[in-house]
Amino acid sequence: MEQSRKIRWGILATGGIAAAFTADLLELKDAEVVAVASRSTASAEAFAERFGIPRAYGSWTALADDADVDVVYVATPHSAHRAAAGLCLQAGRAVLCEKAFTVNAVEARELVELARGRGAFLMEAMWMYCNPVIRHLSELVRDGAIGEVRAVHADFGLAGPFAPNHRLRDPAQGGGALLDLGVYPVSFAHLLLGEPDEVQAWARLSEEGVDANTGILLGYDSGALAVLSCSITAGTATTASVTGTTGRIELPTGFFSADRFVLHRDGRAPEEFTAPPGDLHGLQHEAAEVMRCLRTGALESPLVPLDGTLAVMRTLDTVRDRIGVRYPGEA
């Protein structure tokens with residue numbers, strides 16, 4: 001791909017996360033938003049007018065078939081990710097797909113196999129992994145700054161209340177705390193410790209049968225553990241930490257979009273690390289990583305590898321098995 005040409009984006013869906021991503025994307029000089037699609041023509045047209053997007057489609061297929069689109073950002077509820085991302089991959093489009101990547105590991109594996117089989121770029125929109133602060137934290141841990149990792153703690157909870165028909169309580173849309181919020185703590189643990197050897201979990205289920213308040217314990221043969229929680233009934237601190245044999249690192253509220261962390265090492269004064277001044281912000285980091293990959297011809301991102309996405313989905317599946325949450329159409 002010509003290095004100087006702008007990467008042309010299509011936006012699939014018109015909800016809140018689509019709007020946030022598009023707003024951040026429009027600030028990048030090497031990006032251009034050329035089309036948006038929704039199942040509703042009116043919704044697509046309203047979104048296009050709001051952000052100055054030249055083409056609005058009332059079907060996903062029309063966007064997938066638009067040859068002027070280099071990459072599609074899939075921002076539907078995760079229950080529709082398999083269908084939406086698969087449609088775009090089949091049409092030859094690169095895809096950045098929101099998290100949770102799919103409803104379950106089976107669907108995730110189908111998308112990965114489709115992308116790899118067609119030689120198409122695919123990445124989960126786990127923006128946390130692209131955040132320079134999180135990347136620096138991961139490097140420090142990998143280089144032994146706190147010794148051998150023994151514990152990871154992370155939480156993400158929203159107080160609500162959410163109406164019974166809200167997507168977070170709708171099984172048909174993959175509702176519940178785990179896939180929408182818990183994916184962040186689980187992904188944070190995976191980043192630092194990899195896929196667990198043991199998974200235990202407990203949850204209070206809603207009347208609709210989705211998890212409303214969930215605790216997760218991941219165990220590793222190394223002796224390390226991860227203590228995680230997520231909720232749609234209580235606003236938690238949304239902090240995270242990683243503790244090793246010679247120190248710990250603490251992330252403040254909003255750990256998944258952190259702009260700083262504090263490193264505590266035995267026998268030393270605490271050290272605070274902050275984001276580089278004037279750097280990208282918000283969802284721009286993941287967009288920049290996608291465009292870097294497209295320009296270099298990479299089909300996967302080393303920051304958000306597909307094998308890692310599959311591992312996270314397997315863990316989420318196991319948690320749901322432990323707490324007894326099943327979505328329509330699952331065995």
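In this predicted model, D321 is partly exposed, with a relative accessible area of 43%. The side chain of D321 meets that of R326 in a salt bridge, with 2.9 Å from N to O. R326 is likewise partly exposed, at 41% relative accessible area. Side chains of opposite charge can pair when their charged atoms come close.

Elsewhere, salt bridges that share partners join R5, R8, R55, D66, D68 and D70 into one network. A search of the whole structure finds 22 salt bridges. One of them pairs D68 with R8, whose closest N and O atoms are 3.8 Å apart. D68 sits in the loop between α3 (60–64) and β4 (71–74), while R8 belongs to strand β1 (residues 7–12), so this pair ties together parts that are 60 residues apart in sequence. D68 is partly exposed, with a relative accessible area of 38%, and R8 is also partly exposed, with a value of 22%.

A salt bridge within a single helix is found in α9. The side chains of E289 and R292 meet there at 3.0 Å, N to O. Both residues lie in helix α9 (residues 284–296), 3 residues apart, which is about one turn of the helix. An α-helix has 3.6 residues a turn, so residues three or four places apart point the same way. The two partners fall into separate accessibility classes: E289 is buried, with a relative accessible area of 6%, whereas R292 counts as partly exposed at 38%.

The strand β4, which follows the loop holding D68, can be considered next. From β4, V71 and Y73 point one way and V72 and V74 the other way, and all of these residues are buried. In a regular strand the side chains alternate between the two faces of the sheet. Strand β4 runs parallel to β1, to which 4 bridges join it, and in this pairing G10 stands opposite V72. Another 4 bridges join β4 to β5, again in a parallel arrangement. In β5, L96 is the bridge partner of Y73.

Helix α4 packs against this part of the structure. The buried residues of α4 (residues 81–90) are H81, A84, A85, G86, C88 and L89. These buried residues pack against strands β1, β4, β5 (94–97) and β6 (122–124), and against helices α3 and α5 (105–118). After α4 comes G92, whose phi is positive, near 90°.

A further sheet is built from later strands. It is an open sheet of 8 strands in the order β8-β9-β10-β7-β11-β12-β13-β14, with mixed pairing. At the edges stand β8 (198–205) and β14 (271–274), each with a single partner strand, so one side of each is left without a neighbour in the sheet. From one strand to the next, the twist averages 10°. Within the sheet, strand β7 (residues 149–157) and strand β11 (residues 240–244) run antiparallel and are joined by 5 bridges. In this pairing, T243 in β11 is the bridge partner of A151.

Helix α8 (residues 177–193) packs on the sheet, where it touches β7, β9 (211–219), β10 (225–231), β11 and β12 (247–251). The direction of α8 makes about 160° with that of β7.

The sheet strands also contribute to the surface. L217, L225 and V227 make a nonpolar surface patch of about 210 Å². Of these residues, L217 has its place in strand β9 and is partly exposed, with a relative accessible area of 40%.

The loop between β7 and α8 contains P164. This proline counts as exposed, at 53% relative accessibility. Residues up to four places away in sequence aside, P164 touches R169 and E208. P164 and D266 are 102 residues apart in sequence, and their C-alpha atoms are 49 Å apart in space.

Key:
Residues numbered from 1 in each chain as written. Predicted model: local features only at pLDDT ≥ 70, side-chain atom pairs only at ≥ 80, totals over all residues. Heavy atoms only, no water. Salt bridge = Lys/Arg side-chain N within 4 Å of Asp/Glu carboxyl O. Helix = DSSP H or I, 4+ residues; strand = E, 2+ residues; numbered from the N terminus. Buried < 20%, exposed > 50% of the residue type's maximum accessible area, 1.4 Å probe, protein only. Pairing = 2+ DSSP bridges. Axes fitted to C-alpha atoms, helices over the stretch in contact; angles between N-to-C directions. Contact = heavy atoms within 4.5 Å. Patch = residues over 30% accessible without salt bridge, like charges linked within 9 Å, V, L, I, M, F, W, Y side chains within 5 Å. Areas by Shrake-Rupley, 256 points an atom, 1.4 Å probe, with all protein chains shown as cover.
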